[in-house]
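Got your viewer ready? Load the model, keep the selection box handy, and we'll go from stop to stop.

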Amino acid sequence: MTFAAGAGGTTETLKPFGAMFSDYHLGHHYDEMFEPSGQPRLHCRALYQDLLGLSLPELRERQGEADRAFLTQGVTFTVYGDTQGTERIFPYDLLPRIITGPEWRTLERGLAQRLTAINLFLKDVYHEGRIFSEGVVPRELVYSCRHYRREMRGVHVNRDIYVSIAGTDLVRLQDGRFVVLEDNLRVPSGVSYMVANRAVMKRVFPALFERYNVAPVAEYGQALLSTLRTLAPASRPDPTFVVLTPGVGNSAYFEHAFLAREMGVPLVEGPDLLVHDNIVYMRTTAGLRRVDVIYRRIDDDFLDPLAFRPDSQLGVPGLLNAYRAGNVALANAIGTGIADDKALYAYIPDIIRFYLSEEPIIDNVQTYLLDRPSDRAYVLEHLDELVVKAVGESGGYGMLIGPHSTSDEREQFRRKIVADPRNFIAQPTLSLSQAPCFMGTGIEGRHVDLRPYVLYGEKVTIVPGGLTRVALRKGSLVVNSSQGGGSKDTWVLED
Amino acid sequence: MLLSRTADALYWLSRYLERAEHTARVLSVRLDLGLDRDARGDHWDFERAYDSLRLTLTNAIPSTPGGLVSRVFLDSTNAESVVSCVSAARANARQVREEISSDMWAHVNGLYLRLQQMVGDSSTVSRPHAIAQTVIEGTQLFQGITDATMGHGEGWQYLQVGRFLERADATAALLDVHFRDADVRGARGTHQELVGLLRSCAALDAYCRYYTADVRPDRVLEFLLLGPEFPRSVRFAARRLEMSLKAIAQFTSKRAGGKADRVAGRLHASLDYSQVDEILSDDPHGYLVGVAKHCDQIHAAVYQSYIGYAVETALPA
């Protein structure tokens with residue numbers, strides 16, 4: 001359905017849609033800027049007015065300016081599978097996505113609640129296992145997860161903080177409610193784009209900020225450092241922090257360097273570190289220097305070739321033992337991946353109820369577990385309506401989007417599901433909300449999600465904002481950067 | 001506190017930029033001089049240019065300006081080309097983005113991107129001076145941004161070491177080609193060649209201010225080798241090298257170290273107390289080779305003390 005000019009609106013300040021919006025369609029999904037009637041939402045009116053005053057060449061020029069700024073600053077990611085090792089900018093959409101103060105406060109409470117419960121769960125799973133004996137979560141589900149680390153059984157984690165940094169993917173449903181699509185509890189990435197998008201936005205579109213009170217996001221680095229500080233062993237009053245990166249070849253290398261710079265701490269690679277007598281040192285020009293807290297951006301598998309994958313060139317031999325001895329802190333802890341397993345996800349509301357005796361503030365998406373026979377039967381009947389995901393995959397890979405799939409693809413997934421049901425979940429195809437995006441020839445609606453970053457230290461800190469990812473292909477629901485996704489600046493309004 | 005790997009990358013970042021700038025300038029001057037052919041039909045003399053840059057290319061030396069430009073300016077498969085040096089500098093900068101300022105990174109990355117664009121543009125080959133200018137201005141601006149936006153701490157000192165070590169070494173090599181034997185000194189001592197040598201070190205204006213436009217071989221050698229004030233002279237570079245290495249030794253006082261700054265001090269002292277007439281009458285080639293040897297020793301000592309030391313020697317007792 002296309003808007004009629006001025007549809008339903010008689011307010012004088014509102015003009016009919018300009019030429020810029022001629023290709024804008026309201027679907028059945030929630031629209032971040034417009035009411036179903038076609039009126040801009042109250043908090044979007046000022047932005048909408050500003051947009052009507054802009055011309056196409058002007059928008060294009062600003063888009064070019066933004067793209068150049070990202071390229072020169074090297075805000076890029078490396079595309080895997082591209083032998084050239086090409087660095088690309090993460091496509092950036094010019095128009096901000098706005099979240100109101102009240103909406104944000106609900107999210108804040110909900111995310112804090114969720115992460116608190118998840119940290120209690122992780123401690124429980126690696127210690128007494130109350131949640132198993134009380135029958136809330138099946139033991140096999142956790143023990144069969146490939147991210148379960150038995151090396152962590154009984155290991156004391158400083159302050160019982162397993163997940164210091166979480167990136168939670170939210171989507172907005174048709175009724176305007178945000179729900180959690182998945183938790184990222186290992187090494188969530190993308191936060192640098194949240195900060196970089198804002199910096200570029202302020203540069204290329206300063207005027208848009210004038211009519212809004214937008215909460216700043218630039219203090220993320222400091223907030224992260226304070227969060228890491230809570231992990232430092234008490235015996236080390238002046239701890240040394242580092243960020244551990246796989247190196248320049250990693251797709252998120254820009255972010256690793258960015259976070260190290262924002263925190264003012266060294267960015268190290270595995271070979272810069274060594275373990276002697278269960279103490280971690282880094283090689284400096286003045287000799288070896290003890291390391292106390294590692295914000296690691298390397299997966300568990302690659303952290304320590306003596307404990308995990310022996311072929312890892314990225315890790316530090318002996319790190320696990322130093323960690324278990326309590327001589328070094330890791331953020332996030334080892335073994336947190338069990339809590340963002342896609343099958344375990346279905347239990348998170350029960351986990352919240354179990355540990356906190358509260359109802360979840362943010363809901364989950366309805367999820368079918370395929371090792372439950374009744375769920376499996378239903379899913380196999382309705383493959384063409386559902387989204388099927390492999391539990392251990394991320395980045396939008398290993399996924400079947402039913403309504404957009406061919407019968408061959410469905411058949412393939414059917415066989416995979418029957419062979420290994422624990423490895424899959426299914427969810428209804430969601431109608432992600434859409435937001436206006438500048439597509440070069442005009443403004444069109446594209447689907448978006450939202451990933452806020454939750455820091456868990458002395459207290460829970462959520463920098464107001466997050467990464468809004470955009471599915472730039474028309475009609476697409478896949479927002480991942482590796483598959484045609486982009487991002488836009490996310491404004492949280494302060495009232 | 002500086003990671004050894006970071007020190008290494010900073011050192012090479014500025015060393016590669018210095019090399020790119022020097023190569024661009026020497027070749028740009030050579031291409032310019034070639035246009036002023038004298039009555040004897042002077043050829044381009046690319047061989048000597050190769051020699052003075054110590055290019056180790058095995059394949060044939062190009063015979064045309066276009067060939068030179070594609071091979072030594074633009075060829076990214078040739079590790080010694082100007083474009084490769086800038087790419088290498090940028091790759092090192094990328095390793096140390098958290099150590100250098102955002103402005104420094106944005107600038108060196110911007111220079112890299114501009115050059116990549118020039119490589120892709122087929123008209124570039126006929127505009128060698130435009131590339132040289134881009135590189136020279138880009139590296140000079142980088143230096144200014146570095147001095148203005150980065151703390152002059154240990155990391156900054158490694159940038160100085162890389163730059164001045166490369167400069168001392170490269171200038172000595174350039175002088176060696178011009179002054180190594182008496183025959184060549186005579187034949188090449190023409191005004192045009194000497195002016196070319198000065199210009200290859202961006203030294204013509206400064207030389208004229210000091211000695212007037214009376215360009216003589218001994219004075220040129222003295223100015224570029226022993227000149228105390230001109231920033232591209234070998235002596236100046238040796239002094240800065242010694243200063244930076246002493247500062248680094250202080251930053252890392254716990255380690256034995258000290259070797260690199262002692263070698264640099266020896267080189268600096270030798271240049272402080274040498275006389276140009278003695279060098280010329282004695283063995284200029286031997287003297288300049290001695291400078292290069294000192295540079296090699298300094299490089300090795302820096303690695304041994306700060307970057308590639310054996311871990312066993314550094315473990316807590």
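The tour starts with a whole chain and then visits salt bridges and a charged patch.

Before you click, know that this is a predicted model, where local features need pLDDT of at least 70 and side-chain atom pairs count only at pLDDT 80 or more, while totals for chains, interfaces and linings use all residues. Residues are numbered from 1 along each chain as its sequence is written, chains are lettered from A and ligands numbered from 1 in the order in which they are written, and side-chain values use heavy atoms, with hydrogens and water left out.

**Stop 1: chain A.** Select the chain and show it as a cartoon: there are 14 helices and 23 strands (DSSP runs numbered from the N terminus, H or I of at least four residues for helices, E of at least two for strands). Its C-alpha atoms fill a box of roughly 75 × 60 × 45 Å along the principal axes. Of its 495 residues, 59% are buried, meaning under 20% relative accessible area, with exposed being over 50% and partly exposed in between (1.4 Å probe, protein chains only).

**Stop 2: salt bridges in chain A.** Over all chains, the structure holds 52 salt bridges (a side-chain nitrogen of Lys or Arg within 4 Å of a carboxyl oxygen of Asp or Glu). Pick Arg114(A) and Asp183(A), whose side chains meet in one at 2.8 Å, N to O. Arg114(A) sits in helix α3 and Asp183(A) in strand β5, so the pair ties together parts 69 residues apart in sequence. Both Arg114(A) and Asp183(A) are buried.

Next, select Arg198(A) and Asp489(A), a salt bridge at 2.9 Å, N to O. Here helix α6 holds Arg198(A) and strand β23 holds Asp489(A), so parts 291 residues apart in sequence are tied together.

**Stop 3: over to chain B.** Zoom in on Arg30(B) and Glu193(B), which form a salt bridge at 3.4 Å, N to O. Arg30(B) counts as buried because its relative accessibility is 10%, and Glu193(B) is buried too, at 5%. For a bigger group, select Arg15(B), Arg19(B), Arg54(B), Glu166(B) and Asp169(B), which are linked in a network of salt bridges.

**Stop 4: helix α14 of chain B.** Color residues 276-281 and find Asp277(B) there. Is Asp277(B) buried or exposed? It counts as exposed, at 52% relative accessibility. In helix α14 you'll also find Ile279(B), which is buried, with a relative accessible area of 6%.
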